[in-house]
Amino acid sequence: MKLSYRTPASLRPDSETRDSRRFSGLDGLRGIAVSVVLVFHFFPQVLPGGFVGVDVFFVISGFLITGLLVDEYARSRRISLRRFWSRRVRRLVPPLVPLVLLCCTVAWMLGGDVLVGLGWQVLGAVTFGYNWVSIAGSASYFSATSPEVFRNLWSLAVEEQFYLVWPFALLAVLLIRSARIRLAVVCTLGVLSVLWMGFLFQPGADPTRVYYGSDTHSFGLFAGAALALLLRRPNGLGAPTRNANAGAARTGPAGFTRFASRLASPARLRPWLGLAALLGIGAASAWLPAAGPLAYRGGLAAISLLSCVVIWAAVRGARFGRWLDTPVLRWIGERSYGIYLWHWPLFVLAGVAWPAAGVEVHLLGVEVHLLVAAVAVLVAAASYRWLEQPVRRRGLRGGIRSLSGFATESWSRLAVVGVAAMVGLILVGGTTAAVVVAPAETSAQARITSGRHMLEAAQADRKREDAERKSDPTAAPAPVAPGDLISAVGDSVMLASAPELEDRFPGILIDAAVSRGMRAAPDILAAQAAAGTLRPVVVVGLGTNGPITTDELLAIEAAIGPDRKLVLVTAFADRDWTAGVNEALVGFAAHHRLVGIAGWHDAIAPHTDVLAGDNIHPGPTGGRIYADCIASALDWLAPQHPLHGRDPYRLGQDPVVLRPVS
């Protein structure tokens, strides 16, 4: 039996240029997804797993795009790539142009670290290759210290690359006669992407590569595509037959048809399944860790499957679709693309212009973040009303003709168009200037590089002096400098402070590296002790890059032995773990002899203006404060204080002095 293909009414757009507004519930789901992403970016402590909102978008995009292409193929047995890509350009590019021009110009006016790497960011934005450009440049999506203005465009790049390749792949898939095999092929592509992400993910390493990669993060798009094929049934999607009716084709296997029918049948159960899936996405937004293995070894794939259930319940069940399409959520969803585009660049620029927005969240920070979110929504609404909709209705050429007609109606309107053109030229000039004058590295990177060079020079000087003394047996021994008694192990904060530490403690032995955590300290100190280079006083500054445990501190104490003094440097960074790290350090020092605290956190908190642009690494003045903290801790340790059997000690108002609790 041969049947003519007819798209179900609930799944048939009114025209080729119309989008998900014709599908019940999808705008509401978009509104939820973009809201989750905004909360994740602005208040990550509220929704630490809010990054899953992007995966919801991927599933929606895969579903809609595949449905659009399948509809066209069912009608004409062909897919017009020119028309498809033209629609994508009209949809995505017009809002992107003012975003890049305006934000680059503002970044140029602000100057500083926000300009670093702006050239490659613009390149990634205009080529829709931002994800791969970022991967090549070793950028990190999860770094809170690198102010990438257009970081959020990585997901747009993944979708655009899918749009470029998928029509060819889908055309090959649609040539397969068996509906079951068609679906299996698409599902297999998604499973391969999931497995590839899990294989490349390395626990403890930055997951940006597997998160950004089009190869590792396309399973959501494939999941949406598979759902589109399943809901449209197998009818009319096979290869053309000899029947003159171009829409005729053999049906798929009866078993598959019955399965698809059963999938759409439980009308009463469907809304509750959709609600349960939506609650599952909400739970993941609240609890799924952004850097843990759970997300990359099945977690994000589960989000894609839950999103498919929500979409199925919405487009096949009018009641659940109406629940999602509340007026507020639908309004946000219709403008979700613009909101997603604008919120992150405005957030970064606000953090540069108003540093309080980037400091640990307090009342002022919350107000700034809410203000940025409101501005992003307003700008997106204006873009939707006066840019996106006109271009989508009339096309680029039609939009230009309308603008020309508007300008010729009166002198006042001509003046408005002239002013707009002048502003556009200014923005182009500002963008060009921003790319040209962008520094090669951030202020924090410059300080770290300076510290590394100083350590290399100091190490070379020591080797030369040792060689000279060995070659001249009559030479007098070198005088003992204050730093000759100190071994220091630290992270990039200590590395940035190295010039000031060397100036304060000449001869200090510093072993510091970027991104180092407390876990590395015991092995480093044990190796120095075994080599005979570990000195009587040990300074450890390793609380910036992650939580610490008491076992790690005990291992450090065991590695240095019972007779050496230990100074632990508190951490200062806008991180969830900072408070816990400092509490652990102070508590450990209070109950262990010969252990003191250098209170870097409390010393630098009132003077964040002397930090680099990332609000973590010290400049020259901050480096001197860092050295002063260690000096004060050493002064406190000078007379050996046996703490056993005495009252606990705590960090007092003086940030570098331990005082007993009264």
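**Close-up views of a predicted model**

**View 1. A residue pair across two strands.** Val489 stands opposite Asp511 in strand S4. This is a predicted model, and here we look at strand S3 (residues 486-490) beside S4, the two running parallel and joined by four bridges. S4 itself spans residues 509-512 and has two faces: Ile510 and Ala512 lie on the covered one, while Leu509 and Asp511 lie on the uncovered one.

**View 2. The five-stranded sheet.** Stepping back from that pair, we find an open sheet with the strand order S4-S3-S5-S6-S7 and parallel pairing. Its edges are S4 and strand S7 (595-598), each of which pairs on one side only. From one strand to the next, the twist averages 20°. Towards the S7 edge, strand S6 (residues 565-569) pairs with S7 in the parallel sense over four bridges, and Val567 has Gly596 in S7 as its bridge partner.

**View 3. Two helices that pack on the sheet.** Helix H21 (residues 521-531) packs on the sheet and touches S3, S4 and strand S5 (537-541). The direction of H21 makes about 150° with that of S3. Helix H23 (residues 578-590) also packs on the sheet, where it touches S6 and S7. For H23, the direction makes about 145° with that of S7.

**View 4. Helices H3 and H6 side by side.** Helix H3 (residues 81-110) packs with helix H6 (residues 153-174) at an angle of about 170°, and their axes are 11 Å apart. Because angles over 145 degrees count as roughly antiparallel, H3 is described as roughly antiparallel to H6. On the H3 side, the contact includes Leu81, Phe84, Trp85 and Arg88; on the H6 side, Glu160, Tyr163, Leu164 and Pro167 are among the residues met. By class, this contact has twelve nonpolar, no polar and two charged residues.

**View 5. Gln121 in helix H4.** Is Gln121 buried or exposed? Its relative accessibility is 1%, so Gln121 counts as buried. Gln121 is found in helix H4, which covers residues 118-127. Setting aside neighbours within four places in sequence, Gln121 is in contact with Val116, Tyr130, Glu148, Val149 and Phe150.

**View 6. The whole chain, for orientation.** The protein chain has 25 helices and nine strands. Of its 662 residues, 51% count as buried. Among contacts between residues at least 6 apart in sequence, 77% join residues at least 24 apart. The accessible surface of the chain comes to about 29700 Å², and 63% of that belongs to carbon and sulfur atoms.

Technical notes:
Residues are numbered from 1 along each chain as its sequence is written. This is a predicted model: local features need pLDDT of at least 70, side-chain atom pairs count only at pLDDT 80 or more; totals for chains, interfaces and linings use all residues. Side-chain values use heavy atoms; hydrogens and water are left out. Axes are lines fitted to C-alpha atoms, for helices over the stretch in contact, and angles run from 0 to 180 degrees between N-to-C directions. Angles under 35 degrees count as roughly parallel, over 145 as roughly antiparallel, 65 to 115 as roughly perpendicular and the rest as oblique. Contact means heavy atoms within 4.5 Å. Ala, Val, Leu, Ile, Met, Phe, Trp, Tyr, Cys and Pro count as nonpolar, Asp, Glu, Lys and Arg as charged, and the others, Gly among them, as polar. Buried means under 20% relative accessible area, exposed over 50%, partly exposed in between (1.4 Å probe, protein chains only). Two strands pair if DSSP finds at least two bridges between them. Accessible areas come from the Shrake-Rupley method with a 1.4 Å probe; for residues, only the protein chains shown count as cover.
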